[in-house]
Amino acid sequence: MTDIPANALIVVVEDDVFERMGASSMFLDAGYRVLEAGDADEALRFFDTNADISLLFTDVSMPGSMSGSDLARHVAERWPRVGIIMASGRPRPHKLPLSMLFHDKPYAPAAVLRQAREMTSQLG
Amino acid sequence: MHGTSFREQFTAVADAWTLAQGIVDTVREPVLVLDKNLRVIAASRSFYSAFKVNPEDTNGKLLYALGDGQWDIPKLRVLLEKIIPEQGVMEGYEVEHEFPGIGSRTICLNARQVFYEGGAGTTILLGMEDVTERRILEREKDELLRQKDTLLEELQHRIANSLQIIASIILMKARAVQSKETRFHLEDAHKRVLSIAAVQKQLHASGATGAIEITPYLSKLCESLAHSMIGDTRPISLKVLGEGGSATSRQAESLGLIVTELVMNALKHAFRNDKAKGQIIVAYDMIGTNWKLSISDNGIGKRDGGFAQGKSGLGTGIVKALAHQLDAQVETLAGPGGTTVSITHATFPTKVVQAA
């Protein structure tokens, strides 16, 4: 069961390679399973093929057909049980629903992991 | 007739007319004098030159018929046929119009109705100031200001992303190394990257230039520190108190880094017993040019002499160096009730007054 978040599956979406590696290793180190995507389209393909994704950790400004906030809204609508945490070097988007958590870059891993733990242990 | 001869009166009227035409010709702004039927009685020389027309085609003609009807502008009709008869005067009425000879212009109209004794009719004075260039410059200035804001935001965004990359790399290194000590140092470096980013972010939010109000700035900074460093599991509160004051952004940056250093230090060392309700208070007070910043905790108090107990001792060095830059003194008081570190800038140190 997903009471222990260590098994939870997380999708990390980030167009910058270093940042993506950093975020992945942060979650992997905390015991999560991680799928890495470079843009929203790639992330959505993961969602389509993996029913057990419990968290989306995404950048906001990204190239491609959808921004991080578009992706977050889409995921919230189609997979409402998925927790959403966003991070950006820009201010929090105004229209972002309060249920979506937001971190300024550079984010504090401890704070992100704490929220991830809460969100993933609420599931299941 | 009242003792004034016809000829004398005629002369006076002719003089008045000459004077009026002289005034109309002197003003640099194009001016038309219209009768009550909106026929041109007189036009200033500036009118002829600005709108590239000549006196023959202007004097005695209806305003709307001038220059192939180029003055037959709906907004001008409203001004002359509605606003002026009702209000008598109108200033700063802007009209944008395409003039065949001179192109698209923005004209600022000033109109005034003049009544004569005996009610023999009225005259309308119509001043036209070409403000096209001024409006273009204003729009350009607004556009440049917008571009500057966009650029500044973009720059801020890039800095944040670069700091994120640096933070990510340091943390990946910290996870990869075997040595506990090396990992500790890398994690410490990672925290410093975050704290510099937090200070930068709050400084940017407080406005990049000019004076920074210290209390709201430190409050936001401490909120961000509490969010990233304390977490929900540790019962430690972080408050900002004091009368506040303002500082330059450079001073505010140093103050912010000192606060970050000392708060991180207190979090790391002051609270051994997590059951106790921990408290950290940041206070800033200012009197004239003198100010005092203090960071107090109700933790375990002094242990081995210095305030920074970190293995590297880097914290102590950073705080001292920043205080020195601010021309301030660092003082540490520690006891059973906790530790207080004060950074004091006093322009006039108290002198010992001795009795003679």
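Two strands are said to pair if DSSP finds at least two bridges between them, and I begin with that definition because the strands β11(B) and β12(B) satisfy it, pairing in the antiparallel sense over seven bridges. In β12(B), B:T340 is the bridge partner of B:L333, and a hairpin of two residues joins β11(B) to β12(B). Please keep in mind throughout that what we have on the screen is a predicted model.

Let me stay with this part of chain B for a moment. Strands of a sheet pair through backbone hydrogen bonds, and they can do so either parallel or antiparallel. Here the five strands form an open sheet with the order β7-β9-β10-β12-β11 in chain B, and the pairing within the sheet is mixed. Which strands stand at the edges? They are β7, residues 236-244, and β11, residues 329-335, and since each has a single partner strand, one side of each is left without a neighbour in the sheet. From one strand to the next, the twist averages 10°.

If we now walk through the middle of the sheet, we meet β9, residues 278-287, and β10, residues 290-297, of chain B, which pair in the antiparallel sense over eight bridges. Within that stretch, B:D285 stands opposite B:K292 of β10(B). On we go to β10(B) and β12(B), which are again antiparallel, this time over seven bridges, and there B:S296 has B:T340 in β12(B) as its bridge partner. You may recognise B:T340 from my opening, where it was the bridge partner of B:L333.

Next comes the helix that goes with this sheet. Helix α8(B) lies across β7, β9, β10 and β12 of chain B, and it runs at about 20° to β10(B). The same helix, residues 249-269, also meets α6(B): their axes come within 10 Å and cross at roughly 140°. Are the two helices parallel, antiparallel, perpendicular or oblique to each other? Angles over 145 degrees would count as roughly antiparallel, and the crossing at roughly 140° does not reach that limit, so α6(B) and α8(B) are described as oblique to each other. Their crossing is right-handed. The residues that make the contact include B:K191, B:S195 and B:A198 on α6(B), and B:A252, B:E253 and B:G256 on α8(B); taken together, the residues of this contact divide into six nonpolar, five polar and two charged.

A useful contrast is the packing of α6(B) with α5(B), whose axes come within 8 Å and cross at roughly 165°. These two helices are therefore roughly antiparallel to each other, and their crossing is left-handed. Among the residues in contact are B:I159, B:L163, B:I166 and B:I170 of α5(B), together with B:L186, B:V193, B:L194 and B:A197 of α6(B). The residues of this contact divide into 13 nonpolar, four polar and three charged.

That brings us to the place where the two chains meet. How many residues does each chain give to the contact? Chain B gives 21 residues and chain A gives 18. On the side of chain B that touches chain A, the elements that give two or more residues are α5 (132-176), α6 (180-205) and α7 (214-230), and α5(B) gives the most, with 12 residues. By type, the residues on this side of chain B are 11 nonpolar, seven polar and three charged.

Now to chain A itself, whose secondary structure comes to four helices and five strands. Reading from the N terminus on, its elements run β-α-β-α-β-α-β-β-α. Its C-alpha atoms fill a box of roughly 35 × 30 × 25 Å along the principal axes. With 124 residues, a compact globule would have a radius of gyration near 14 Å, and chain A, at 13 Å, agrees with that.

I will finish with two details of the backbone, one from each chain. In chain A, the peptide bond from A:K105 to A:P106 is cis, with omega near -5°, and A:P106 is found in the loop between β5 (101-104) and α4 (109-122) of that chain. In chain B, B:L38 has a positive phi of about 65° although it is not a glycine, and B:L38 lies in the loop between β1 (31-35) and β2 (40-43) of chain B.

Key. Residues numbered from 1 in each chain as written. Chains lettered and ligands numbered in written order. Predicted model: local features only at pLDDT ≥ 70, side-chain atom pairs only at ≥ 80, totals over all residues. Contact = placed C-beta atoms within 7 Å. Nonpolar A, V, L, I, M, F, W, Y, C, P; charged D, E, K, R; others polar. Axes fitted to C-alpha atoms, helices over the stretch in contact; angles between N-to-C directions. Parallel < 35°, antiparallel > 145°, perpendicular 65-115°, else oblique. Left-handed = near helix turned anticlockwise from the far one by under 90°. Rg over C-alpha atoms; globule rule 2.2 N^0.38 Å.
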